[in-house]
Amino acid sequence: MALPELTEDKIELNSFLPEDAPQLAAIGNNPKVAQFLRDNFPSPYTLQQAEDFISMLTLEREPSVFAVRFNDELAGVAGVKLLEDVQRKTAEIGFWLGEEYWGKGIATEVCRQLIVFAFTYYDIIRLEAEVASPNKASVRVLKKNGFKREAVLRKGFHKNGLNYDLLIFGLLKEELANSLFDGVTR
Ligand SMILES: CC(C)(COP(=O)(O)OP(=O)(O)OC[C@H]1O[C@@H](n2cnc3c(N)ncnc32)[C@H](O)[C@@H]1OP(=O)(O)O)[C@@H](O)C(=O)NCCC(=O)NCCS
């Protein structure tokens with residue numbers, strides 16, 4: 001009888017490389033990925049747009065946008081954005097994955113790693129995420145990582161001619177479970 005394999009999938013957040021552009025365009029060029037993302041996400045997503053996105057990241061002063069790698073393959077993008085002015089103690093997180101990588105628990109781990117990064121790297125007390133209400137997978141990922149639903153902006157998300165409620169989720173530093181910091185990669 002064959003024993004079950006004891007390998008574990010590797011989920012990492014790290015820097016983009018110029019050679020990631022074709023895979024970035026391939027996984028990003030999907031209306032199902034774009035459906036609940038902001039309009040600055042290109043749809044269709046061309047190779048040129050992927051190349052421009054990666055070159056723009058090289059100009060960033062702070063690391064804030066990461067390649068999501070699943071067993072070393074580029075699977076998506078994750079980012080943290082520090083807010084300004086009276087919201088400067090808050091950062092917003094966001095993430096997306098290519099459709100072939102959905103349903104494997106990747107985003108749940110990506111979200112955990114973003115939380116660890118954001119609260120370690122930035123002098124913040126709060127993380128936020130905004131989600132269109134039909135995006136159940138994203139809501140679940142945030143809740144599994146301890147985010148609380150804080151507000152509903154009724155019909156606050158307009159995309160492709162449709163209006164959805166926009167949900168605001170928040171996580172305070174003081175609410176963090178110690179277990180979140182048990183190693184950044186798994
Ligand atoms: C949202 C997204 C990142 C989730 O990635 P993922 O790796 O599939 O997420 P995970 O596998 O870690 O977890 C998904 C959870 O949602 C649940 N789920 C998925 N679809 C669901 C649905 N229609 N209704 C309810 N729950 C759902 C899964 O069962 C899972 O929960 P579980 O672990 O308790 O079973 C991915 O679907 C995506 O990239 N979507 C397009 C871009 C996007 O919307 N990004 C988020 C913007 S806020």
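Helices (DSSP runs of H or I, at least four residues) and strands (E, at least two) are numbered from the N terminus. Axes are lines fitted to C-alpha atoms, for helices over the stretch in contact, with angles from 0 to 180 degrees between N-to-C directions. The model is predicted: local features need pLDDT of at least 70, side-chain atom pairs count only at pLDDT 80 or more, and totals for chains, interfaces and linings use all residues. Residues are numbered from 1 along each chain as its sequence is written, and side-chain values use heavy atoms, with hydrogens and water left out.

The axes of helix H4 (residues 106-121) and helix H5 (residues 136-144) come within 9 Å and cross at roughly 50°. The crossing of H4 and H5 is right-handed (the near helix is turned clockwise from the far one by less than a right angle). Ala 107, Thr 108 and Cys 111 of H4 make the contact (heavy atoms within 4.5 Å) with Val 141, Leu 142 and Lys 144 of H5.

Glu 128 is located in strand S5 (residues 126-132). With a relative accessibility of 11%, Glu 128 is buried (under 20% relative accessible area, 1.4 Å probe, protein chains only). Residues touched by Glu 128, not counting those up to four places away in sequence, include Leu 83, Gln 87, Phe 147 and Ile 168.

Two residues that are not glycines have positive phi: Asp 85, at about 55°, and Asn 160, at about 50°. Asp 85 lies in the loop between strand S3 (73-82) and strand S4 (90-97), and Asn 160 in the loop between strand S6 (148-159) and strand S7 (162-172). Asp 85 is exposed (over 50%), with a relative accessible area of 57%; Asn 160 is also exposed, at 65%.
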